[in-house]
Amino acid sequence: MDANVFPVPEAIAKTALIDNAKYLEMYDRSVKDSVGFWAEHGQRIDWIKPYTEVKDVSYDPHDVHIRWFHDGTLNVSANCLDRHLATRGDQTAIIWEGDDPSESENITYRDLHARVCRFANAMKAQGVKKGDRVCIYLPMIPEAAVAMLACARIGAVHSIVFGGFSPDSLSNRIQDSECVMLITSDEGLRGGRKVPLKANADKALETCPSVTSVVVVKRTGGAVAMTEGRDVWYHDVVAAASADCPAEELDAEHPLFILYTSGSTGKPKGVLHTSGGYLVYASMTHQYVFDYKDGDIYWCTADVGWVTGHSYIVYGPLANGATTLMFEGVPNYPSVSRFWDVIDKHQVSIFYTAPTAIRSLMREGEEPVQRTSRKSLRLLGSVGEPINPEAWLWYHRVVGDSRCPIVDTWWQTETGGILITPLPGATALKPGSATRPFFGVVPLLVDAEGNELSGATEGNLCIADSWPGQMRTVYGDHERFVQTYFTTYKGYYFTGDGCRRDEDGYYWITGRVDDVINVSGHRMGTAEVESALVAHPKVAEAAVVGYPHDIKGQGIYAYVTLVAGEEPTEALRKELVGWVRTEIGPIASPDVIQWAPGLPKTRSGKIMRRILRKIAENDFGALGDTSTLADPTVVDDLIDNRPDA
Ligand code: 6R9
């Protein structure tokens with residue numbers, strides 16, 4: 001056998017839910033009889049009124065619509081809570097591990113149910129109604145999960161904004177979906193440092209007239225301003241609320257949440273997910289991809305501000321009655337052994353994290369890992385960006401003691417759940433490959449003209465058919481949804497990723513083919529960073545590209561042209577980095593700023609990003625044809641003055 005293929009370990013094969021024969025049989029049925037397959041698996045969750053229609057989907061650009069189980073009714077929060085009470089009321093639903101290792105808490109299903117009911121009633125008392133949008137801007141504390149489930153219980157639509165986003169970013173997102181309520185906390189706590197969430201929120205709300213009430217969770221006890229008539233304390237409103245809150249009966253296609261994500265152009269898009277199909281898909285992928293069984297302790301290190309936190313900390317695991325760990329902190333606080341200490345402390349058996357975290361911990365050597373036991377682990381996962389084989393092998397050998405399979409899960413905010421992934425009991429692994437499609441998923445590789453490519457090949461990754469977890473629209477802009485995903489390659493969903501398929505039919509994601517970059521697993525539109533830069537009074541023009549970065553996967557490389565008369569100084573460089581941090585948030589900080597007296601443009605004025613990418617990559621040999629440039633000498637200047645990235 002190929003040295004780079006890792007077969008299913010015997011111990012896993014013996015107990016896994018799905019072996020290879022079963023995978024092949026189920027996959028075959030899922031694509032040949034999609035309706036029959038999903039009619040059956042849709043029943044894994046509880047419906048109030050059963051569905052009779054399974055699938056109503058069109059990818060025709062004139063009439064894109066995606067509906068699953070649409071005549072059924074259900075409640076997502078009842079599926080995550082109420083239905084477990086009789087059988088597992090006293091089981092831990094959420095293990096919360098605080099930023100400070102001395103703080104942790106186990107919350108049972110019964111307790112979580114009561115907290116969600118109380119907060120749902122409190123939201124109603126504040127005037128929130130079914131269909132209203134509610135913004136959640138919280139750190140990784142149990143109240144974040146409580147708020148999500150409380151929204152789901154009453155049919156309000158949550159929009160979570162990652163706590164690392166700036167007031168401006170928060171305000172844009174609130175305005176776009178016209179949220180009526182904002183749920184935040186006094187401060188957040190990460191790596192021992194405080195994040196001024198309420199102060200950020202106050203700033204954002206200056207431009208958000210739709211928000212009439214703000215609920216503030218007391219996390220650190222830091223002093224905050226409370227606006228009379230608008231702001232209330234979480235602990236006050238839940239104390240006044242009843243713990244009896246019947247779950248609202250909602251249509252399968254009732255919106256569950258909006259989550260903003262970056263695209264190649266314009267402002268972030270509000271990705272809309274609905275209730276029934278999403279929950280079926282999130283729970284099914286969680287069970288099979290992680291081979292989840294009763295007794296497992298499952299930990300996904302994502303933040304609920306990203307889709308991974310939605311599907312694989314909260315909705316998928318809780319729908320499955322799992323024990324899910326929620327971590328407030330960071331991998332290197334108080335020491336670089338923190339992840340492994342938490343695994344030992346709570347006896348975690350399934351661990352799901354991002355390649356950037358692995359790479360940064362790998363840099364610290366093996367000792368901080370080896371001084372911990374990790375005997376409880378049986379499965380590892382990776383998500384967010386391609387994992388390089390070196391990091392994969394280290395994760396496998398050092399963290400997993402060569403015992404635990406790694407599921408490299410490829411998916412997107414738009415897909416709601418995992419689409420390409422190994423199944424631990426079925427799939428032999430190749431480091432760096434997301435391997436094979438999940439049930440019901442038909443990946444296609446197409447060339448630039450949209451011709452489908454067969455066999456071992458490389459191309460643009462599309463998906464041929466729908467799956468229940470697929471996004472339904474861009475909130476408030478269905479035309480943008482159609483334009484972004486369904487017009488480039490007719491009849492297919494276009495992912496924006498490039499991909500290679502090998503001779504065994506395994507998929508290898510090669511990264512984005514559009515102007516989206518992936519920084520530490522966070523999606524960032526180069527256009528967003530550019531518009532932040534040009535908003536600075538001294539900047540005339542900016543072009544932003546990604547470049548390979550050892551830890552972050554990709555770093556942000558900005559070419560900046562100053563307005564005439566401005567001097568390119570080190571102080572200004574720092575100022576611009578700080579400016580982008582304030583405009584968007586720390587995750588968007590440029591790693592490199594290169595002063596560019598001119599940018600390479602075609603005669604029609606289009607910036608040739610291909611060339612800028614090559615220069616940023618330090619790859620001057622492959623600049624390609626520069627003859628169409630209006631002024632080819634700008635390229636030489638950029639090469640000569642490239643700072644050491
Ligand atoms: C879940 C999530 C989506 C983009 C996606 C792709 C990249 C995610 C990956 C991966 C290679 C993996 N991506 N998982 N690339 N291998 N296992 O990350 O959603 O934030 O929307 O990002 O991330 O480029 O298109 P999101």
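**Briefing: helix α19, a five-stranded sheet and the surroundings of T261**

The buried residues of helix α19 pack against α18 (526–534), β29 (539–549), β30 (553–562) and β31 (592–595). The model is predicted. Besides α19, the points below take up an annotated domain, an open sheet and the buried residue T261.

**Annotated domain**
- The UniProt record, an unreviewed entry, places the feature "domain: AMP-dependent synthetase/ligase" at residues 82–466.
- Within residues 82–466, helix makes up 32% and strand 23%.
- The C-alpha atoms at the two ends of this span are 30 Å apart.

**Helix α19**
- Helix α19 covers residues 570–583, which is 14 residues.
- From its first C-alpha to its last, α19 reaches 20 Å, close to the 20 Å expected at 1.5 Å a residue.
- Its buried residues are L572, L576, V577 and V580.
- These residues lie on the same side of α19 because they cover an arc of only 145 degrees around the axis.
- On the face turned away from that buried side, α19 carries the exposed residues A571, K574 and T582.
- G585, just after α19, takes a positive phi of about 145 degrees.

**Open sheet of five strands**
- The strand order is β22-β21-β23-β25-β26, and the pairing is antiparallel.
- The edges are formed by β22 (452–453) and β26 (507–512); each has a single partner strand, so one side of each is left without a neighbour in the sheet.
- Five bridges connect β25 (residues 493–501) with β26 in the antiparallel sense.
- For C499, the bridge partner in β26 is I509.
- In general, the strands of a sheet pair through backbone hydrogen bonds, either parallel or antiparallel.

**T261 and its contacts**
- T261 lies in strand β14, which spans residues 255–261.
- Its relative accessible area is 5%; the cut-off for buried is under 20%, and T261 therefore counts as buried.
- The side chains of T261 and R523 are joined by a polar contact of 3.4 Å.
- Apart from neighbours within four places in sequence, T261 is in contact with P268, K269, V271, T413, E414 and R523.
- R523 thus appears both in the polar contact with T261 and in the list of residues that T261 touches.

Definitions and conventions:
Residues numbered from 1 in each chain as written. Predicted model: local features only at pLDDT ≥ 70, side-chain atom pairs only at ≥ 80, totals over all residues. Heavy atoms only, no water. UniProt positions renumbered as here; feature names shortened; annotations may be inferred. Helix = DSSP H or I, 4+ residues; strand = E, 2+ residues; numbered from the N terminus. Expected span 1.5 Å × (residues − 1). Buried < 20%, exposed > 50% of the residue type's maximum accessible area, 1.4 Å probe, protein only. Arc of directions from axis to C-beta. Contact = heavy atoms within 4.5 Å. Pairing = 2+ DSSP bridges. Polar contact = N/O pair within 3.5 Å; in protein donor to acceptor, adjacent residues only side chain to side chain.
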